[in-house]
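This report describes pockets, cavities, helices and a few single residues of one protein chain. Please look at the sequence and the structure first.

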Amino acid sequence: MPPDRPRPSLSLPTPGARRAVVVGAGSFGTAIAVLLARGGVRTTLQARTNEQAERLAADRENHTYLPGVALPQTLRIEAVGAGLARADYVLLAVPSQSLPGVIAGLPAAQLPRRAAIVSLAKGLVPPQGTPPTLLLAARFGTDRVACVGGPAHAREMVDAGAALVAASTDEALALSLASFFQRAGVVCEASNDPVGVELAGAAKNAAALAAGATERQGLNAAGAAAGHIFAEVWRFAELLGGRPESLIGLAGTGDLVATALAPQSRNRRAGELLADGVPGAEIPARIGQAVEALDAVPLLSSALTRAGIDAPVTSGLARLIGGELPLDDWVALVRTTIPPPARWRRPDGSGAGLHRLRERLRAAAARRARRRRLPGAEGT
């Protein structure tokens, strides 16, 4: 009897096709579209309205979100109503809170059955704080889904480069995305841990906002806030099958450093405004753009609570954003929170087998609980 042949990947486009559509013409979506076009991919950038699309096509520049960057002549511009019928890759450059509506509309937009769907969001999806790739996988299957993370400020990305991470459980999809960006002159790591990469981005946003809110109270407090949040999110990522290298690598601490050092960082600036006493609801208008962490942190806090994870610092940050916790109390919480103790092992390794068994049983129970809680499964 001949051996079973491996099933071909649904995420692979036909040879030579390589057509990408970037949905969303904000700063990051525009920058990604520019890079894909530079990398030789036949790319279309879809704007939210016909008026925005016509303006971009006429100016060949996104004056509102990415001024000073010329759009390649090979980059096609159209409105989202044009559909996705010819796309091999669909990259969703929309805020995470808008993803449910965008995902629901993909079939009506004539999404091809074999097209890969790539989330560019660095936040979580309401109402339950779901990582975007989990929601997409529940609807379209894991082998078609990927995400992009890493330190990538839009303007610097197109002018000087970036360090991206393309993550998918489908190896061919992750490698093909990485190759597109590499051909555009951008470093891009291929990862098989999309959930870890997405939660690294969520932790980065929350940590950058927390550091901005506490910096004037002391650099030690700012560092402690960021460290606590990463540790709390890591325990959640572990339950979902994520790996530690995703949070300590480019997508996590690498992106955190880039965000924390950037004076134009929206998340850091939002934290500073919170420290000034500006209500969280008013901050996006002050900054002039959406601030992902303001929505993501409360979702992240709720998700950690539902998962049974003790996360006092992330929870406290959500209360600070909501105006329920004064800044001084938030700083005191950061300074006095003690992380859970280490899982001690004997030096001679005795008991290691029992420890590994307990860990496997705990992970299996968490996976079963996650399947029961995961939204969006009705579309599979």
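## Terms and model

Contact means that heavy atoms lie within 4.5 Å of each other. The model is a predicted one.

## Helix H15

Helix H15 covers residues 327–336, and its buried residues are Leu327, Trp330, Val331 and Val334. Viewed down the axis of H15, these buried residues fall within an arc of 95°, so they line one face of the helix. The face turned away from the buried side of H15 carries Asp328 and Thr336, which are exposed.

What do the buried residues of H15 pack against? Their partners are H7, H8, H11 and H14.

## Helix H13

Helix H13 runs over residues 292–306. With 15 residues at 1.5 Å a residue, H13 should span 21 Å. The end C-alpha atoms of H13 are 21 Å apart, which agrees with that expected span. After H13 comes Gly308, which has a positive phi near 80°.

The buried residues of H13 are Glu292, Ala293, Leu294, Ala296, Val297, Leu299, Leu300, Ser301, Ala303 and Leu304. These buried residues pack against H7, H8 and H11, and also against helix H12 (283–287) and helix H14 (312–321).

## The largest pocket

The volume of the largest pocket is about 1400 Å³. The pocket is lined by 47 residues, and the closest to its centre are Gly26, Ser27, Phe28, Arg266 and Gln289. Several elements give two or more residues to this lining. The strands in this group are E2 (42–47) and E4 (66–70). The helices in this group are H1 (27–38), H3 (99–105), H5 (154–159), H7 (194–214), H10 (250–261) and H11 (266–275).

How many residues of this lining are nonpolar, polar and charged? The lining of the largest pocket has 21 nonpolar, 18 polar and eight charged residues.

## The second largest pocket

The second largest pocket has a volume of about 320 Å³. Its lining is made of 16 residues, and the closest to its centre are Arg235, Glu238, Ile309, Arg343 and Arg362. Helix H8 (219–239) and helix H16 (352–373) each supply at least two residues of this lining. By type, the lining of the second largest pocket divides into nine nonpolar residues, one polar residue and six charged residues.

## Cavities

The count of cavities of 30 Å³ or more comes to two. The second largest cavity has a volume of about 50 Å³. The residues that line the second largest cavity are Ala121, Lys122, Cys147, Val148, Gly149, Gly150, Val197, Glu198, Gly201, Ala251 and Asp255.

Strand E8 (145–149), H7 and H10 are the elements that give two or more residues to the lining of the second largest cavity. That lining divides into five nonpolar, three polar and three charged residues. H7 and H10 also appear among the elements that give two or more residues to the lining of the largest pocket.

## Backbone details

The peptide bond from Pro126 to Pro127 is cis, and its omega is near 5°. Pro127 is placed in the loop between strand E7 (116–119) and helix H4 (132–140).

Arg60 is not a glycine, yet its phi is positive, at about 55°. Arg60 sits in the loop between helix H2 (50–59) and strand E3 (61–62). Gln110 is not a glycine either, and its phi is positive, at about 65°. Gln110 belongs to the loop between H3 and E7. Are Arg60 and Gln110 buried or exposed? Arg60 has a relative accessible area of 18%, and buried means under 20%, so Arg60 is buried. Gln110 has a relative accessible area of 53%, and exposed means over 50%, so Gln110 is exposed.

## Thr44

Thr44 is part of strand E2. The relative accessible area of Thr44 is 11%, under the 20% limit, so Thr44 is buried. Which residues are in contact with Thr44, leaving aside its neighbours within four places in sequence? They are Ala20, Val21, Val22, Leu75, Arg76 and Glu78.

Terms used. Residues numbered from 1 in each chain as written. Predicted model: local features only at pLDDT ≥ 70, side-chain atom pairs only at ≥ 80, totals over all residues. Heavy atoms only, no water. 1 Å grid on protein atoms, 1.4 Å probe; cavity = no way out; pocket = protein on both sides within 12 Å on 5 of 7 lines; lining within 4 Å. Points joined across faces, edges and corners; volume = space filled by probe spheres on them. Helix = DSSP H or I, 4+ residues; strand = E, 2+ residues; numbered from the N terminus. Nonpolar A, V, L, I, M, F, W, Y, C, P; charged D, E, K, R; others polar. Buried < 20%, exposed > 50% of the residue type's maximum accessible area, 1.4 Å probe, protein only. Expected span 1.5 Å × (residues − 1). Arc of directions from axis to C-beta.
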